[in-house]
Amino acid sequence: ALVARAPDGKLAKLVAEANDEPSAKLLHQAADAGDTEAEEIIRTAGRYLGAGLTNLVNIFNPAMIVIGGSLRLMGEPYLGEARRVVEADAFRQHYGDLSIVEAELGDESPCVGAALVAKDR
């Protein structure tokens with residue numbers, strides 16, 4: 001929708017240069033290049049992530065949530081926004097017991113997890 005709305009914008013130019021469809025990676029690049037609409041889209045996605053995490057926190061009261069996947073690379077506009085939503089909306093006691101962290105193995109986490117499952121079987 002952003003590409004259609006702003007055909008001369010940063011995201012549209014990145015999509016054209018890549019000769020590809022819009023993606024989260026290109027959206028992130030546009031935001032890093034100063035596209036405020038792209039950054040707001042990322043912040044909105046972070047708020048939705050935060051709402052989902054809040055539900056998990058309120059239902060299960062986990063001690064830790066580990067965030068993996070490539071979207072975590074969007075950094076503060078995405079993860080920071082998600083953390084703010086959880087802090088604002090989760091039950092106080094549950095939030096006080098919670099750590100939200102990025103996967104230590106980064107992009108290798110799924111591969112390592114799959115290998116460990118295969119090894120155990």
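Biologist: How many cavities of 30 Å³ or more does a search of the whole structure find?

Modeller: One. Keep in mind that we're looking at a predicted model. The idea with a cavity is that a probe fits inside but cannot get out. Here, the largest cavity holds about 30 Å³ of space.

Biologist: Okay, and which residues line the largest cavity?

Modeller: Go along the sequence and you'll pick up Leu49, Leu53, Ile67, Leu79, Ala82, Arg83 and Ile100. Sorted by class, that lining has six nonpolar residues, no polar ones and one charged one.

Biologist: Which helices each supply at least two residues of that lining?

Modeller: Look at H4, running 36–60, and H5, running 76–89. The most comes from H5, which gives three residues to the lining of the largest cavity.

Biologist: Let's turn to that pair, then. At what angle do H4 and H5 pack?

Modeller: For any helix pair, read the angle between the N-to-C directions of the two axes. With H4 and H5 the angle is about 40°, and the axes are 7 Å apart.

Biologist: Why is H4 called oblique to H5?

Modeller: Angles under 35 degrees count as roughly parallel, and 65 to 115 as roughly perpendicular. The angle of about 40° fits neither range, so H4 is oblique to H5.

Biologist: Is the crossing of H4 and H5 left-handed or right-handed?

Modeller: H4 passes H5 in a right-handed crossing. As for who takes part, the contact of H4 with H5 has 12 nonpolar, four polar and seven charged residues.

Biologist: Now the earlier helices. How do H2 and H3 pack?

Modeller: H2 covers residues 10–18 and H3 covers residues 24–32; their angle is about 130°, with the axes 9 Å apart. Roughly antiparallel would need an angle over 145, so H2 ends up oblique to H3. The crossing of H2 and H3 is right-handed.

Biologist: And what are the angle and axis separation for H3 and H4?

Modeller: About 125°, with axes 7 Å apart. That makes H3 oblique to H4. As for handedness, H3 passes H4 in a left-handed crossing.

Biologist: Let's zoom out. How many helices and strands does the protein have?

Modeller: Seven helices and two strands. To see how they're ordered, read along the sequence: the pattern is α-α-α-α-β-α-α-β-α.

Biologist: What about overall shape: how does the radius of gyration compare with that of a compact globule?

Modeller: The trick is to set the value against what a globule with that number of residues would have. For 121 residues, a compact globule would come out near 14 Å, but this protein has 17 Å.

Biologist: And what does the C-alpha trace span along its principal axes?

Modeller: About 45 × 40 × 20 Å.

Notes. Residues numbered from 1 in each chain as written. Predicted model: local features only at pLDDT ≥ 70, side-chain atom pairs only at ≥ 80, totals over all residues. Heavy atoms only, no water. 1 Å grid on protein atoms, 1.4 Å probe; cavity = no way out; pocket = protein on both sides within 12 Å on 5 of 7 lines; lining within 4 Å. Points joined across faces, edges and corners; volume = space filled by probe spheres on them. Helix = DSSP H or I, 4+ residues; strand = E, 2+ residues; numbered from the N terminus. Nonpolar A, V, L, I, M, F, W, Y, C, P; charged D, E, K, R; others polar. Axes fitted to C-alpha atoms, helices over the stretch in contact; angles between N-to-C directions. Left-handed = near helix turned anticlockwise from the far one by under 90°. Rg over C-alpha atoms; globule rule 2.2 N^0.38 Å.
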